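Notebook open, viewer running. I want to look up the sheets, one annotated span and a greasy spot on the surface.

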Amino acid sequence: FKGGDTCEYLLSSGRFLGEKVWQPHSCMMHKYKNSEAKNCLIDKHIVFIGDSRIRQLFYSFIKLINPQVKEEGNKHGNIPFEDKSASIKVDFLWYPEVNGSMRQRIKSWTEGSVAKPHIIVAGAATWSIKIHNGSNEALTQYKINITSIAPLLEKLAKSSDVYWVLQDPVYEDMLSESRKMITNEKIDAYNEAAVRILNSSSRNSKAKVKVFSVSKLIAQETIMKSADGLHLPESSRDTNAMILMNVYCNKIMKPIDGSCCQPQPPLTLIQKLAFCFFTLSIIGYLIINLIHRNNFRKNKSCTDLESGEEKKPTISPPNVSTLEMLLHSFCKLGLIMTYFYLCDRANLFMKENKFYTHSSFFIPIVYILVLGVFYTENTKETKVLNREQTDEWKGWMQLVILIYHISGASTFLPVYMHIRVLVAAYLFQTGYGHFSYFWLKGDFGVNRVCQVLFRLNFLVVVLCIVMDRPYQFYYFVPLVTVWFMIIYATLAIWPQIVQKKANGNCLWHFGLLLKLILLLTCIYFLSYSQGAFEKIFSFWPLSKCFELNGNVYEWWFRWKLDRYVVFHGMLFAFIYLALQKRQMISEGKGDPLFSNRVSNILLFISIVSFLTYSIWASSCKNKTECNELHPSVSVVQILAFILIRNIPGYVRSVYSSFFAWFGKISLELFICQYHIWLAADTKGILVLIPGYPMFNVLVSTFIFVCVAHEISQITNDLAQIVIPKDNSTLLKRLLCIAGFFSGLLLFSAMQDQPRH
């Protein structure tokens, strides 16, 4: 940790990821859209003053505001630009040399009668080299002129953002005869003079002229693609303009994926209270632990000096009390949450942008699949979708999703469409698992509901508090929580139809099917009635849970994207359990699920269906159109996979313990990746070890998986304490939880008022 300002890194250092993606050292760059650029620069006056290279930068900058702008007009004259809708004024002033004319113009801005520009971007040198044929006298005069201009720029820097653009290197082999005297040696001499002279009188002052030297690094990689050897190719100057936009706008717009130049966000009231709570938990646990150790020492075995024999302790070590277990869990959780905060809220660790290549996605996929096959064991039972198999399924899907996120593969549409199926498969398992439980056990008690809701939501609620993020930000947990409640309501509302009741009368099966048809009708109606959906989830306090950026559109989009798959999971569970009850399927060890002929036909159909979906997903050209079809067709590949995995008896009888281990902590892995594996709320990558990408991924992954596993254990321990089996005790706990959330809503409203 160098402790430097990330703005300095953005202006001075970085590297290319691939050919066109620029990665600043230690921080992330946001790609500004036209609307964002206008919002940032509203009512601003920006001036570019210098030579033809500055003119190029001017055009790239104003194209961020209005992409329709064409590079027209007098090349050796002033060029004005104005966006009246946002009251933005950007001027290019033609001053190709650092001389008295440029000084006079800059001096006019320092005088009180003239309005100062909010941003000034200046730079020139190549004309001085060209006109004076690269003479040493010209360099001496340049130093004198920039010395006279420097105090004026430093004075302007107190109220405006002032940038001095250093000269880019040239590609000498491509220069025309009239420009042959412009050599990289001369350019370096002029740049050295500018850097030495600027800010020489204000080295300890905060108001400094910002030296824009990063353009040199970009030019070193791309100048050979220049049309004339002097001017940068368009992609390079667009990168420079985007850097300039990030330097000025990130502190104003605060984009999630633009960590450069952003100050550390101040602690909110709720975060401060959480910090106090975890600190007290740690202190409390240490005190209780010391007391227990002290008592144990007093009663431990001691040697009888006369006989030389060891006496047995009269009192056994005390059992771990509920309070100690509670404090121990919160102590560990507090330390883990500190790590979360340091990784993704404090400016302690570096963050980098993602960059997708096919190899960065597919090579790790092949690697983990080989590992998974290597750790093959026999299952304890050979039923369809047994516990080990579903854990394995969750595990490999979660690992693929993690690789998808860290590699930035969402930019590659075929991969995106297949990952959508994996998310749908999670929800399919939600429908299958909860329906099977309620159908077989008939347990609709409050304890069961509270246990499920606690295990699903505990980590997310803690992260919402510690990381200052809305509940809907962790969209998958709200999704499975709402679907669980829908499944519960569908089966628990009168008449409660379970397998035990249905076995006595087959008509109950039709009653359950009617319930499922009613559920499907409601889903269909809400998916095509955005207004009705938004009204339901816009009521307070539901709106506090499901709003993101002031509306519930994101929640509607996420829900709609996989709207039918939970229903498909419930229907599959109903059909499978009915077939199982009537002994129409064979689930013995090594036996095919059906007769050989039926099994072979179904297996062939499943393989063809699986491959057909993959071919369709791989040929997708438009994400919006494919997303529209996805809810209806994703079940094809899910069912095909289930049949391929379960029809052959020998395949159904084994599982990968490697994948199953990850499957048991899949929810924690999915949530933890937001802040301690990825960075900037999944938009970038956390860098613990700069300069060694592979080693960094290994170290951060090891910590990330350990933390996820530990949080899973903490959640299980706390679930036993917070959700007791005794109903009267449970009611008291629920009242306490209701009071906690009421207080949370109150504090949230209090801290939202200053923000608005």
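My entries follow in the order I looked things up.

**Entry 1: what I have.** I remind myself that this is a predicted model.

**Entry 2: the annotated span.** I checked the UniProt record. Its entry is unreviewed, and it puts "domain: NXPE C-terminal" on residues 22–92. I then looked at how that span is built: helix takes up 31% of residues 22–92 and strand 27%. Its end C-alpha atoms sit 26 Å apart.

**Entry 3: the six-stranded sheet.** I traced the strand order next and got E4-E5-E3-E6-E7-E8, an open sheet with mixed pairing. Which strands are at the edges? I find E4 (79–83) and E8 (210–212), each of them pairing on one side only. I also looked up the turn between neighbouring strands here, which averages 15 degrees with direction ignored.

I zoomed in on the E8 edge. Strand E7, residues 161–165, runs parallel to E8, and three bridges join the two. I wanted one concrete contact for my notes, so to speak: Val165 has Phe212 in E8 as its bridge partner.

**Entry 4: the three-stranded sheet.** I moved on to another open sheet, this one with three strands in the order E9-E13-E12 and antiparallel pairing. The edges are E9 (350–353) and E12 (678–679), and each has a pairing partner on one side only. How many bridges join E12 to E13? I count two, with E13 covering residues 684–687 and the two strands running antiparallel. For a concrete contact again, I noted that Ala679 is bridged to Gly684 in E13.

**Entry 5: the greasy spot.** I went looking for nonpolar surface and found a patch of about 420 Å², made by Leu269, Leu273, Leu746, Phe747 and Met750. Two helices each give two or more residues to this patch: H10 (269–299) and H29 (727–755). Which helix gives the largest share? H29 does, with three residues.

I picked out Phe747, which is found in H29. Is Phe747 buried or exposed, or something in between? Its relative accessible area is 31%, so I log Phe747 as partly exposed. Patch residues need over 30% relative accessible area, and Phe747 has 31%.

**Entry 6: recap.** I leave the page with a six-stranded sheet of mixed pairing, a three-stranded antiparallel one, and a nonpolar patch to which H10 and H29 each give two or more residues.

Key:
Residues numbered from 1 in each chain as written. Predicted model: local features only at pLDDT ≥ 70, side-chain atom pairs only at ≥ 80, totals over all residues. Heavy atoms only, no water. Patch = residues over 30% accessible without salt bridge, like charges linked within 9 Å, V, L, I, M, F, W, Y side chains within 5 Å. Areas by Shrake-Rupley, 256 points an atom, 1.4 Å probe, with all protein chains shown as cover. Salt bridge = Lys/Arg side-chain N within 4 Å of Asp/Glu carboxyl O. Helix = DSSP H or I, 4+ residues; strand = E, 2+ residues; numbered from the N terminus. Buried < 20%, exposed > 50% of the residue type's maximum accessible area, 1.4 Å probe, protein only. UniProt positions renumbered as here; feature names shortened; annotations may be inferred. Pairing = 2+ DSSP bridges. Axes fitted to C-alpha atoms, helices over the stretch in contact; angles between N-to-C directions.
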